[in-house]
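Subject: Structure for your review

Dear colleague,

Please find below the structure that I am handing over to you. I would be grateful if you read the notes beneath it with the structure open.

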Amino acid sequence: MASTVIKNWDNKTWLSSKNYIEKFNKFLLKNIKLNPNSKILDVGCGRGKILGNLSSRLKLKNKPLGIDIISHKDKDKRINFKKINASKFFSTNKKKFDLILIKQTIHLLNLNEIKRILKLSKKNLSIKGKVLIFTLDTAQN
């Protein structure tokens, strides 16, 4: 039963609202230099609505990549989605990203996993790439 609650924790909340997605992407574009050639990864992407919206706004040439351990039926079609955990993905990935987004996910991991994912994320960045981490506790962002 608990997995059902976690599986759908973001469904139909303010985190999935169009208003939140628009404001979040406005914040990203104000703070990170992205363009149509940018390569973006979202770790723990959920349904991929934020990346889908960002892809349309930037007219990305490469679909952004979202990874998550759950494959929702209503995933955004504007992203490439892989059902995989972050450690496994990063251990086999050969691509470099301009932005790696870890949003409302990191608190689900233990400290050793967090350290491993941060180290692997850094290795998967392009030269001027950025890792952005957001938690539900905004004071820790």
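The notes that follow describe the sheet, the helices that lie across it, the nonpolar cores and one residue in a loop.

Please bear in mind that this is a predicted model. Its open sheet is made of five parallel strands, arranged in the order 3-2-1-4-5. Strand 3 (80-83) and strand 5 are the edge strands; each has a single partner strand, so one side of each is left without a neighbour in the sheet. On average, neighbouring strands are turned by 15° against each other, direction ignored. Strand 1 (residues 40-43) is joined to strand 2 by three bridges, and Asp 42 stands opposite Gly 66 in strand 2.

Two helices may be viewed against this sheet. Helix 2 lies across strands 4 and 5 and runs at about 135° to strand 4. Helix 3 lies across strands 1, 2 and 4, at about 165° to strand 1.

The largest nonpolar core has 18 residues, of which Phe 24, Leu 28, Leu 34, Ile 40 and Leu 132 touch the most other members. Helix 2 (18-31), helix 3, strand 4 (97-103) and strand 5 (125-134) each give two or more residues to this core. Apart from it lies another core, of 15 residues, including Phe 97 and Leu 125.

Finally, Lys 59 lies in the loop between helix 3 (49-58) and strand 2 (65-68). Lys 59 has a positive phi of about 55°, although it is not a glycine. This residue is exposed, with a relative accessible area of 65%.

Yours sincerely,
A colleague

Methods. Residues are numbered from 1 along each chain as its sequence is written. This is a predicted model: local features need pLDDT of at least 70, side-chain atom pairs count only at pLDDT 80 or more; totals for chains, interfaces and linings use all residues. Side-chain values use heavy atoms; hydrogens and water are left out. Helices (H or I, at least four residues) and strands (E, at least two) are DSSP runs, numbered from the N terminus. Buried means under 20% relative accessible area, exposed over 50%, partly exposed in between (1.4 Å probe, protein chains only). A nonpolar core is a set of buried Ala, Val, Leu, Ile, Met, Phe, Trp, Tyr and Cys residues joined through side-chain atoms within 4.5 Å. Two strands pair if DSSP finds at least two bridges between them. Axes are lines fitted to C-alpha atoms, for helices over the stretch in contact, and angles run from 0 to 180 degrees between N-to-C directions. Contact means heavy atoms within 4.5 Å.
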